Amino acid sequence: MTDTLISIENVCKTYDTPEGGKVNALKNISLNINYNEFITLLGPSGCGKTTLLKTISGFEELDSGDIKIEGQSIIDTPSYKRPVNTVFQNYALFPHMSVKKNITYGLDINKSLNESEKNKKFKYVLNLIGLEGFENRMPNQLSGGQQQRVALARAIINEPKILLLDEPLSALDKKLRSNMQIELKNIQNQSGISFIFVTHDQEEALSMSDKIIVMNNGTISQEGKPEEIYYQPKNKFTADFIGETNMISGLVYKESSEIIHFKGKDITFELPNSFHKYQNKNITFSIRPEQFFISDIIRNDSPNILSFEVEVIQKLFFGSNIKIICKLENQILHCLLKVLDQETIKMFDKDKKLKIFFDVTKIKLFE
Amino acid sequence: MNNKRKLLFLLSPFTLYISIFFLGPILILFVYSFLEPGLYGGVVWNFYHHNYGRILGWADGIIEEFNPVYFKIFLNSFRLALITVIISLIICYPTALWISRQKPKLKVFLLFLITLPFFSSLVVRLFAWMLLLKPSGLINQFLSYIGLINSPLQMLFTETAVLIGLVYILIPFMFLPLYASIEKIDNSLIHASNDLGGNKIVTFLKITLPLSFPGILGGSILVFIPSLGNFIVPDLLGGAKVMMIGNIIEQSFLTARNWPFGACLAIILMIVVVVLLSFYVKALSKYEKIY
């Protein structure tokens, strides 16, 4: 037996727009998801991630392709018979039912369990979400975070093979959200259910997932572990969407026989000899803000260390580090720098000239 | 001007209107219901409790002559009003459910169609029904033309005709509150129920139906109360055969010129309605807490 729990094969879906046009929401998507995995579908709004989720849960029909769970096609199974449960973006708790009734809804319908088994399961999930004592509350008597946990409990009590989460944390405030991120991850580990988590928040995706699937325009832009996605983006879209990056495009050329130059729209600088192979090609550097450093932290005697003389436009102090928005000729750069003491911060006042460095061999470049 | 005064000022036209033209007449009705009817109409200013006795079945306070004729009409009116509610609910619920799922543009158009009958006079519409239902009317002609009947059916001046009329004129009052509450149900709740294993029937019974309960309740009250006191429909479509409490009240005032007795019937009808409304408000406030 393979490890594949769900396989999505060549899935296509087209919508009609109100204007009479057509939108390809999913373009030939293929994807495998394993047991006990935390998968994140990440992408900007309208990239097709929610549509993909809905085709798995059965709320959207496919135009073509197949979805198999443990080798069995489910596309002809109505949504209420699929071994899949969803946590909805707005939670969709039943307003006329208590917390207990909401959570046991699936079990009550199923009728395969007797009352004491049902209670045992209910106690277990209630403990898992930490809402003991709230059994008889109505949904509108709960806070957003509590409602969200009830929605989660209501889904996992049915022990689905896959749990689908449609931007479930987007309505929570920042602190609550980061708590829920940890809890979700724990619950996924404890329950052993595969989670497919949809979000447009890249930080959320990076911190929680075993595997991230970056989607763009109805296609999969890249899939892989969070660190792969972050450090080895396969294309400009992924590089730009995941984390922050400074994209600098331009042409590599040789002026004299010795020196290789890079000429961008707004800047020109020299490159080390190793860039010989890119001669007369257009390339794009993608420099993460944290890949810049200032001279007094690292020495700059290697040929791979390049430096820019920049002018500070703005500084944003975050405590452990500082973000500098600066100008290199007409190119705006974002740098994230470590600061160790209060004195250093004065270097980054507005309009001050500053020398920043980066290791050109460690940054990602696209041809 | 402080807020309280502002409020008082803004509410005074409504308050004045209601107290003069609504509470005033009710007070007069209440007083009249305890007065003796004059021989040639009007009232004699004596305290007189036999009006109420007569309705319960003891006319003029003679115990032996128990004849609950008015009580029976009361009960019959209740029965007809209840049947009207049930029929209009059965007709409206699926329609409201269907319309609530249509595209916004179509929805507006369909809602317009529902309210269309309000654009013409009630009496004209009821006369149209008389023309349809009478022995030489369109329905009978059609049925005999296709050979289903040999002699015309007696449809006019029957209880069925009254029910058809009541349902016909009151159906928008059932539809609109029902539609409003069904429309309000978040589609993601239906999806959630589906997702948790509920098929269409389970989802309807456990989610849609309970959540539309305020609409069912509101529509039922709005249909029940006007049909209970209605007199035009039984008058035109029921003839003298079907009597409802509204007809008795109308006759007491206009034909029999027994104002105290009419007032007494109206007061009792009103008390019944108020009691029903209080149940409604209580049930509704329970639901209001949920949303």
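Two strands are said to pair here if DSSP finds at least two bridges between them, and strands themselves are DSSP runs (E, at least two residues), as helices are (H or I, at least four), numbered from the N terminus. What you have open is a predicted model, in which local features need pLDDT of at least 70 and side-chain atom pairs count only at pLDDT 80 or more, while totals for chains, interfaces and linings use all residues. Residues are numbered from 1 along each chain as its sequence is written, and chains are lettered from A and ligands numbered from 1 in the order in which they are written.

**First selection: strands β16, β17 and β19 of chain A**

Select residues 305-317 of chain A, which are strand β16, together with residues 321-328, strand β17; these two run antiparallel and are joined by 6 bridges. Within this pairing, A:V312 has A:C326 of β17(A) as its bridge partner. The two strands form a hairpin with 3 residues between them, and in the turn A:G319 has a positive phi of about 105°. Now add residues 353-359, strand β19 of chain A, which pairs with β16(A) in the antiparallel sense over 7 bridges; here A:S307 stands opposite A:F357.

**Second selection: the open sheet and helix α1 of chain A**

Move to the open sheet of 4 strands in chain A, whose order is β2-β1-β4-β5 with antiparallel pairing. Its edge strands, each pairing on one side only, are β2 (22-34) and β5 (72-73) of chain A. Strand β1 (residues 4-16) and strand β4 (residues 64-69) of chain A pair over 5 bridges, and A:S7 can be found opposite A:K68 of β4(A). Then show residues 49-57, helix α1 of chain A, which lies across β1, β2 and β4 of chain A and runs at about 65° to β2(A); the angle is taken between N-to-C directions on a scale from 0 to 180 degrees, with axes fitted to C-alpha atoms, for helices over the stretch in contact.

**Third selection: A:G224**

Centre the view on A:G224, in strand β10 (residues 219-224) of chain A. Is A:G224 buried or exposed? It is partly exposed, because 17 other C-beta atoms lie within 10 Å, where 20 or more would make a residue buried, 12 or fewer exposed, and C-beta atoms are placed from the backbone. Leaving aside neighbours within four places in sequence, A:G224 is in contact (C-beta atoms, placed from the backbone, within 7 Å) with A:K211, A:I212 and A:I229. A:S209, which is 15 residues away in sequence, has its C-alpha 9.8 Å from that of A:G224.

**Fourth selection: where chain A touches chain B**

Select the contacts between the chains, where 20 residues of chain A meet 17 residues of chain B. On the chain A side, the elements that give two or more residues are β6 (84-87) and α3 (105-110), and α3(A) provides the largest share, 4 residues.

**Last selection: helix α1 of chain B**

Finish on residues 3-32 of chain B, helix α1, whose 30 residues should span 44 Å at 1.5 Å a residue (1.5 Å times one less than the number of residues), in agreement with end C-alpha atoms that are 41 Å apart. At B:L11 the helix α1(B) bends by about 45°, and a proline, B:P13, follows within four residues; the bend is the angle between axes fitted to the seven residues ending there and the seven starting there. Of the 30 residues of α1(B), the number buried is 0, so this helix lies largely in the open.

Definitions and conventions: Two residues are in contact if their C-beta atoms, placed from the backbone, lie within 7 Å.
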